[in-house]
Amino acid sequence: IDNRTLVRRILMVAGYNLLEAVNATEALEILEDTKPDLILMDINMPDMDGITATEKIKKIIPFAQIIILSVQNDPNYMRRAMMAGARDFLTKPFSVDDLLLAVQQGLERRRLSLEAKRAQAAEAESRRLAEEKSRLEELDRAKRQFIRLVTHELQAPVSAIENYLKLILDRYVDP
């Protein structure tokens, strides 16, 4: 059994839904249409190395959780992969528990990332609503001030008209 088949079986038994690609080019095409929560990929693919693929994936899905699987145990290579945007690096051979733990942690990071993004959006909406409320309160103050001014300005002429009408009705003055 090849590594991809083994990883697929482990994750399917664990209850995960999977999309699968045979190479990086196919994976990038799939990513254009779907935005998976987590990406597992081998560092050595037939058409592209994992670091280049990671950089391209990050352009499509900036918050992608990428776990790289590799036989290479070179710290410099791992550092380059992480700098490219990988979130984890599993060295082959790895245990089922190691794989499942890395996947669970990656999905938890994705969940927290989405939660933080929603919180930021909620904060931005809250700020927008506070600004809108402030603007509406200012308009309400201007309206009330205008009504007070109009009421004050109209009060004297209306009172004068009312008094003249009383004089006419009470026959103190000729119509």
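A residue counts as partly exposed when its relative accessible area lies between the buried limit of under 20% and the exposed limit of over 50%. Asp42, at 24% relative accessibility, therefore counts as partly exposed. The structure analysed here is a predicted model.

Asp42 takes part in a salt bridge. Its partner is Lys92, and the closest N and O atoms are 2.4 Å apart. The pair links distant parts of the chain, with the two positions 50 residues apart. Asp42 belongs to strand E1. Lys92 sits in the loop between strand E3 (88-91) and helix H5 (96-169). Lys92 is buried, because its relative accessible area is 14% and the limit for buried is under 20%. The bridge thus joins a partly exposed Asp42 to a buried Lys92.

The count of salt bridges comes to 13. Side chains of opposite charge can pair when their charged atoms come close. Two of these pairings share Arg111. In one, Arg111 bridges to Glu108, the closest N and O atoms being 2.5 Å apart. These residues are separated by about one helical turn, because they are three residues apart in helix H5. In the other, the side chains of Glu115 and Arg111 meet at 2.7 Å, N to O. Glu115 and Arg111 are four residues apart in H5, again about one turn of the helix. An α-helix has 3.6 residues a turn, so residues three or four places apart point the same way. Arg111 is partly exposed, with a relative accessible area of 38%. Glu108 is partly exposed at 35%, and Glu115 is partly exposed at 40%. Elsewhere, Arg4, Arg8 and Glu20 are linked in a network of salt bridges.

The nonpolar interior was examined next. In soluble globular proteins, nonpolar side chains tend to be buried together. The largest nonpolar core in the model has 20 residues. Met41, Ile57, Ile66 and Ile68 have the most contacts inside this core. Three helices and two strands each give two or more residues to the core: helices H2 (24-33), H3 (50-60) and H4 (75-84), and strands E1 (39-42) and E2 (66-70). Ile57 shows how these parts meet. Leaving aside neighbours within four places in sequence, Ile57 is in contact with Leu28, Leu31, Ile39, Met41, Ala64 and Ile66. A second, separate core has eleven residues. Val7, Ile10, Ile67 and Leu99 are among them.

Helix H1 covers residues 3-13, and its buried residues are Thr5, Val7, Ile10 and Leu11. These buried residues pack against E1, E2 and H5. Of these, Val7 and Ile10 also belong to the second core. Just after H1, Gly15 takes a positive phi of about 95 degrees.

The packing of H1 on H5 was then described. Two packed helices are described by the angle between their axes and the distance between the axes. The axes of H1 and H5 come within 11 Å and cross at roughly 65 degrees. H1 is therefore roughly perpendicular to H5. The crossing is right-handed. On the H1 side, the contact is made by Val7, Ile10 and Leu11. On the H5 side, Val96, Leu99, Leu100 and Val103 make the contact. Val7, Ile10 and Leu99 of this contact are also members of the second core.

Methods:
Residues numbered from 1 in each chain as written. Predicted model: local features only at pLDDT ≥ 70, side-chain atom pairs only at ≥ 80, totals over all residues. Heavy atoms only, no water. Core = buried A, V, L, I, M, F, W, Y, C linked by side-chain atoms within 4.5 Å. Buried < 20%, exposed > 50% of the residue type's maximum accessible area, 1.4 Å probe, protein only. Contact = heavy atoms within 4.5 Å. Salt bridge = Lys/Arg side-chain N within 4 Å of Asp/Glu carboxyl O. Axes fitted to C-alpha atoms, helices over the stretch in contact; angles between N-to-C directions. Parallel < 35°, antiparallel > 145°, perpendicular 65-115°, else oblique. Left-handed = near helix turned anticlockwise from the far one by under 90°.
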